[in-house]
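Let's work through some exercises together, one step at a time. Have the sequence and the 3D view open as you go.

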Amino acid sequence: MAVTRCIRRYGPLVWSIARRLSPTSEDAEDAVQEIFLDIWRHARRFDVTLGSEKVFVTMLARRTLIDRLRSLRPRLRSETPIDDVLEQEGPATSRAERDAELEEARQLLRSLPLPQQRVIALSLVHGMSHAEISSSTGLPLGTVKTMLRRGVMRVRESLP
Amino acid sequence: MKGAPPDIIRLNELAVDALLGALSEEEAAEYAALRARHPEFDAAQLERAAAILHLASGVEREPLPETLRANLAGDATDFFGEAWRTRSLETPPHRRLAPWKLYGGWVAAAACLVCASILWVTRSSRVIPVPAATLTPLTARIPNQPAAAANAAAPAAGLSAVPDAAINAESGHSAPVAAATDARPDDPAAARARLLASGRIVLRRAWRAGGDPAGFLVSGDVVWDPATQTGYIRFVGLRRNEPNTEQYQLWIFDASRDERYPVDGGVFNISGAAQGDVIPIKAKLSVGVPLMFAVTIERPGGVVVSDRARIAALANTT
């Protein structure tokens, strides 16, 4: 995969993830640059038998962004009204992915209760903390944690 | 997971929380302890599951801003060299320096310790497995030689010798390397900001956990100006130390030196302030081409010979 193609193919994905998981656009831009350096640095570790490039890129992006969020969390507050966030959510987007593993995950997501789907999206896609999700949704903190843990573990169990 | 021992259940729960950035300090310590008790635990599949779930939850694709696209192209040029447009990611350019050989026990220790932390390592990782014996601390001693004689490489030459990935030209890729003109400021955070805004070509790399629980949540970066031999280390999440009991010590691995003899970068304390700590680097010898920065935990006052038993943070430049 040429570098240009890598930027063209995964730039929008990384940028979109970074935008949601960063406090400002400037921070998101810095994060994207850091993520791409990570991608290039770790490209040799990519193993097609363990998942798609997209998943590999998403893993690296999430790792970097979570690290950055962790240091910023005390001063982070969601700027998006919760209703707007929930309106945007849906297990599948119009730009449906073709990957089998993603399709399987989407089916699994659809099988989950709606509140759990929303909690997963708020955490993974929007980078909200457990406490923020609890406060925004009115769900007890313990319930939020359990929903997220079970969601991730169910997907893991479905992996080959 | 049903029927699994309580330790394993808890380990999985904490692993998911860690992947979501939701571990408290206490939970992070608990997680580190459990990981140490269960070295066979593999968080890679959980990380993959989280990524898949993220994608499945719906990610819109917003076009990259043009300025960011241009910056990425610049980064690629820095990383791969001018020929990057025709190279493939599967065959990255050969590096003049083989980090594994150069870093020796440090990288071996780091790789194994990082494997025991939340950082993801795939099953297919080509990191060479290291026998436990190689974790035996190497005898690192700082040579007693004058700084001038210790490193004949001029800063500019050192800069040009830095592997592409090591330099992040924050203010333009062709910015000239300025002469050292700044006096060392009193406020390290402000001085760091000035250095980053100075237009000089500086190296900037993020910290990652080195394996010791004190550094489990570490983030921040190291900023180093090879021209002026000045730099700053910034830490967020590095555990506060009790100076009467132990102190942190920075080591700089220089390509022009034997890896057994890293340059002492100074002893420092961490306050644990929410906004982080910024500490000026106090390199005891001139640094030509920094390959790796490492932070160890040592006795008060630091050591001349580190046993490398407690590595809190690492920042590779390659």
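**Exercise 1.** Find the partner that B:Asp221 meets in a salt bridge at 2.9 Å, N to O.

*Solution.* Step 1: recall the term; a salt bridge is a side-chain nitrogen of Lys or Arg within 4 Å of a carboxyl oxygen of Asp or Glu. Step 2: the side chain that meets B:Asp221 at 2.9 Å belongs to B:Arg204. Step 3: place the two residues; B:Asp221 is in strand S3 of chain B and B:Arg204 in strand S1 (residues 203-206), 17 residues apart, so the pair links distant parts of the chain. Here helices (H or I, at least four residues) and strands (E, at least two) are DSSP runs, numbered from the N terminus.

Before going on, a word on the model. It is predicted: local features need pLDDT of at least 70 and side-chain atom pairs count only at pLDDT 80 or more, while totals for chains, interfaces and linings use all residues. Residues are numbered from 1 along each chain as its sequence is written, chains are lettered from A and ligands numbered from 1 in the order in which they are written, and side-chain values use heavy atoms, with hydrogens and water left out.

**Exercise 2.** Describe the salt bridge between B:Arg192 and B:Asp221, and say how covered each residue is.

*Solution.* Step 1: the closest N and O atoms of B:Arg192 and B:Asp221 are 2.8 Å apart. Step 2: this pair also links distant parts of the chain, with B:Arg192 in helix H9 (residues 188-196) and B:Asp221 in strand S3 (residues 219-225), 29 residues apart. Step 3: check the cover, where buried means under 20% relative accessible area, exposed over 50%, and partly exposed in between (1.4 Å probe, protein chains only). B:Arg192 is buried at 10%, and B:Asp221 is buried at 4%. B:Arg204, from Exercise 1, is partly exposed at 28%.

**Exercise 3.** Which residue forms a salt bridge with A:Arg68?

*Solution.* Step 1: the partner is A:Asp27, the closest N and O atoms being 3.1 Å apart. Step 2: A:Arg68 sits in helix H3 (residues 53-72) of chain A and A:Asp27 in helix H2 (residues 25-42), 41 residues apart. Step 3: A:Arg68 has a relative accessible area of 17% and is buried; A:Asp27 is buried too, at 15%. Step 4: for the wider view, the whole structure has 18 salt bridges over all chains. A network of them links A:Arg149, B:Arg10, B:Glu13, B:Asp17 and B:Glu30.

**Exercise 4.** Check the span of helix H3 (residues 44-56) of chain B.

*Solution.* Step 1: the expected span of a helix is 1.5 Å times one less than its number of residues. Step 2: H3 of chain B has 13 residues, so the expected span is 18 Å. Step 3: its end C-alpha atoms are 18 Å apart, which agrees. Step 4: 13 of the 13 residues of this helix are buried, so the rest of the structure largely encloses it. Just after the helix, B:Gly58 takes a positive phi of about 105 degrees.

**Exercise 5.** Where in chain B is B:Arg308 found, and is it buried or exposed?

*Solution.* Step 1: B:Arg308 lies in the loop between strand S8 (290-298) and strand S9 (311-316) of chain B. Step 2: its phi is near 55 degrees, a positive value in a residue other than glycine. Step 3: with a relative accessible area of 8%, B:Arg308 is buried.
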